[in-house]
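Work through the exercises below with the sequence and the 3D structure in view. Each task is followed by a solution in steps.

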Amino acid sequence: MKLPSFDPQMEVLVTGVFVLLLVASITGFVLKKTVKSERGQEVVLNLNARINAWWVMIFIFFLAMATGGIGSVILFGFTSFLALREYITLTPTHRADHRALFWALFIITPLQYALIGVRNDGLAIIMIPVYAYLFVPIRNVIAGDCQDFLARSAKIQWGLMVCVYFVSYAPALLLLHIPGREGQNGKLLYFLVCVAQMSDVLQYVFGKCFGRYKIAPTISPNKTIEGFVGGVSGAVVIGAGLYWITPFNPWQAALMALIIALMGFYGGLVMSAIKRDRGVKDYGVTIPGHGGIMDRIDSLCFAAPVFFHLTRYFFT
Amino acid sequence: MIAELFAAGVRLFTGVQARWLGCAPDATQRIYFANHTSNLDFLVLWSVLPANAQRKTRPVAAMDYWRGGRIRFYLADHVFRGVLIERKKVTRSNNPMHQLIAVLEGGESLIIFPEGGRTTETEMRPFKSGLYHLGKAMPNVDLVPVYLDNANRVLPKGEFLPIPFLCSVNFGSPLRLLPDESKDAFLTRARAAVGAMAKS
């Protein structure tokens, strides 16, 4: 059996993330000792919970990467399942939706990732937007209840698109054929996840340090203009700095990072709007400090499909 | 052992979150009384109790339903040590109260669903009088109101495939029967206490 291993570039990336997290943990420790005010302590407590959760998430992510394609497919498949579970918990579904929901969670979600696992990208790209889209209202019609029919079917379709279809674009990056870069698409997945997540982290950091003016007060009161500018420009710098692991030149990498960060920002806002409408702050309690799975991947949901298609159109 | 596996499975499946709002998660002798909308209810509630409390907490279940099949009966009787009570043909000799009081006198805790059956409506039904009689017979045992949130969506009445909605179990402050409190007043108060946990 071949032991999971990384190429030299991946080893640099793993080391980089490790050093970054170590710096974050030390900073968190120092802040814990120095910050005295009660409100400040609360923020630091949450910050440290977030950093600790990052160690776990990073470990799982690299473990999946090390096992090659199949590990990433399983990781994102499981992530989709948990995100969809949070989404339908929050969405007021109807009793008559029961069977359609069962199909969504236990048949359609695994099927989507199985299609990516067997590298059938042709079917993976239309299965949910065409077949699942048709199937959901049909199953609901069989259930025989027409109360709020359109809204009920649309909610399930939307959940499948956001939690399953869009997220599945991340591991689908591994299926792209980029000339001269066979077997190196894992680093493209790394680029996407790293830029999207660092954009979120830096928006949080800049917002906490310098945030004054709210950018979307009715949707997400914690997001500020300062956080947005700092986070997005930071993500662009990081993306440009990572050009050497991608098929892009530095300018293309910067532009890709900008698009990922902007889509991620809007993804965060859209998923916040749903939470706010339902009167909750987080999608769940799965990840200490962060909230639910959906709170962590909302930016990735919106960035992944756009990044995939831009890369496919211009670089394959 | 099998019971613990079931509990772990339910916790994983429903991502259930226990909120101990009015009492501590310990093995104090209690009567947990909750809203009832799904056959999984007792399992969801039992699964979030601490291990030492699980060993001495028994669900009260309807004989007519759980006698319905061999596996069902095995689970109810052997695995979860349910106290199976007659709810259809109650006579003086098989009065379920005697069974329940005997269990409590043995120092064990109970899980009961005072609505007397599963509801499909969102409103709770009026409580049956059993809770009052238990409170009267065992004045030193805490009566803990519990609200099971979302468990009804996991396995609604009439469905056999569960959906893993995230559930929560909200535990309220213990009640005791007040001196000269009437049966109706107590049952109304108890039902309101469960309802209050729904909004927390």
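**Exercise 1.** Find which side chain B:Asp142 meets in a salt bridge, and place both partners in the chain.

*Solution.* The model is a predicted one. Step 1: the partner is B:Arg176, with an N to O distance of 2.7 Å. Such a distance passes the test, because a salt bridge needs the nitrogen within 4 Å of a carboxyl oxygen. Step 2: B:Asp142 belongs to strand 6 (residues 142-149) of chain B, while B:Arg176 sits in the loop between strand 7 (168-171) and helix 9 (183-198). The two are 34 residues apart, so the pair links distant parts of the chain. Step 3: B:Asp142 has a relative accessible area of 17% and is therefore buried, whereas B:Arg176, at 37%, is partly exposed.

**Exercise 2.** Determine which residues are joined with B:Arg58 into one network of salt bridges.

*Solution.* Step 1: salt bridges that share partners connect B:Arg58, B:Arg81 and B:Glu108. Step 2: within this network, B:Arg58 pairs with B:Glu108, and their closest N and O atoms are 3.3 Å apart. Step 3: B:Arg58 lies in strand 3 (residues 57-62) of chain B, and B:Glu108 lies in the loop between helix 6 (96-105) and strand 5 (109-112), 50 residues apart. Step 4: the cut-off for buried is under 20% relative accessible area. B:Arg58 has 18%, so this residue is buried; B:Glu108 has 17% and is buried as well.

**Exercise 3.** Classify A:Lys281 and A:Asp282 as buried, partly exposed or exposed.

*Solution.* Step 1: the two residues form a salt bridge with each other, in which the closest N and O atoms are 3.6 Å apart. Step 2: A:Lys281 has a relative accessibility of 59% and so counts as exposed. Step 3: A:Asp282 has 28% and therefore counts as partly exposed. Step 4: over all chains, the structure holds 11 salt bridges.

**Exercise 4.** Decide whether the radius of gyration of chain B agrees or disagrees with that of a compact globule.

*Solution.* Step 1: chain B has 200 residues, and a compact globule with that number would have a radius of gyration near 16 Å. Step 2: chain B has 16 Å, so the value agrees. Step 3: along the principal axes, its C-alpha atoms fill a box of roughly 45 × 40 × 35 Å. Step 4: the chain contains 9 helices and 7 strands, and 52% of its residues count as buried.

**Exercise 5.** Find how many residues the largest nonpolar core has, and which element gives the largest share.

*Solution.* Step 1: nonpolar side chains tend to be buried together in soluble globular proteins. Step 2: the largest core has 123 residues, and those with the most contacts inside it are A:Tyr190, A:Phe191, B:Leu45 and B:Phe171. Step 3: helix 7 (residues 186-210) of chain A supplies the largest share of this core, 12 residues. Step 4: a second, separate core has 28 residues, among them B:Phe33 and B:Tyr132.

**Exercise 6.** Locate A:Val130 and state what surface feature this residue helps to make.

*Solution.* Step 1: A:Val130 is in helix 5 (residues 121-143) of chain A. Step 2: its relative accessibility is 33%, so A:Val130 counts as partly exposed. Step 3: A:Val130 contributes to a nonpolar surface patch of about 720 Å², whose other members include A:Leu123, A:Tyr131 and A:Ile142.

Conventions: Residues are numbered from 1 along each chain as its sequence is written. Chains are lettered from A and ligands numbered from 1 in the order in which they are written. This is a predicted model: local features need pLDDT of at least 70, side-chain atom pairs count only at pLDDT 80 or more; totals for chains, interfaces and linings use all residues. Side-chain values use heavy atoms; hydrogens and water are left out. Patches are made of residues with over 30% relative accessible area and no salt bridge: like charges are joined within 9 Å, nonpolar side chains (Val, Leu, Ile, Met, Phe, Trp, Tyr) within 5 Å. Accessible areas come from the Shrake-Rupley method with a 1.4 Å probe; for residues, only the protein chains shown count as cover. Helices (H or I, at least four residues) and strands (E, at least two) are DSSP runs, numbered from the N terminus. Buried means under 20% relative accessible area, exposed over 50%, partly exposed in between (1.4 Å probe, protein chains only). A nonpolar core is a set of buried Ala, Val, Leu, Ile, Met, Phe, Trp, Tyr and Cys residues joined through side-chain atoms within 4.5 Å. The radius of gyration is taken over C-alpha atoms; the globule rule is 2.2 Å times the number of residues to the power 0.38.
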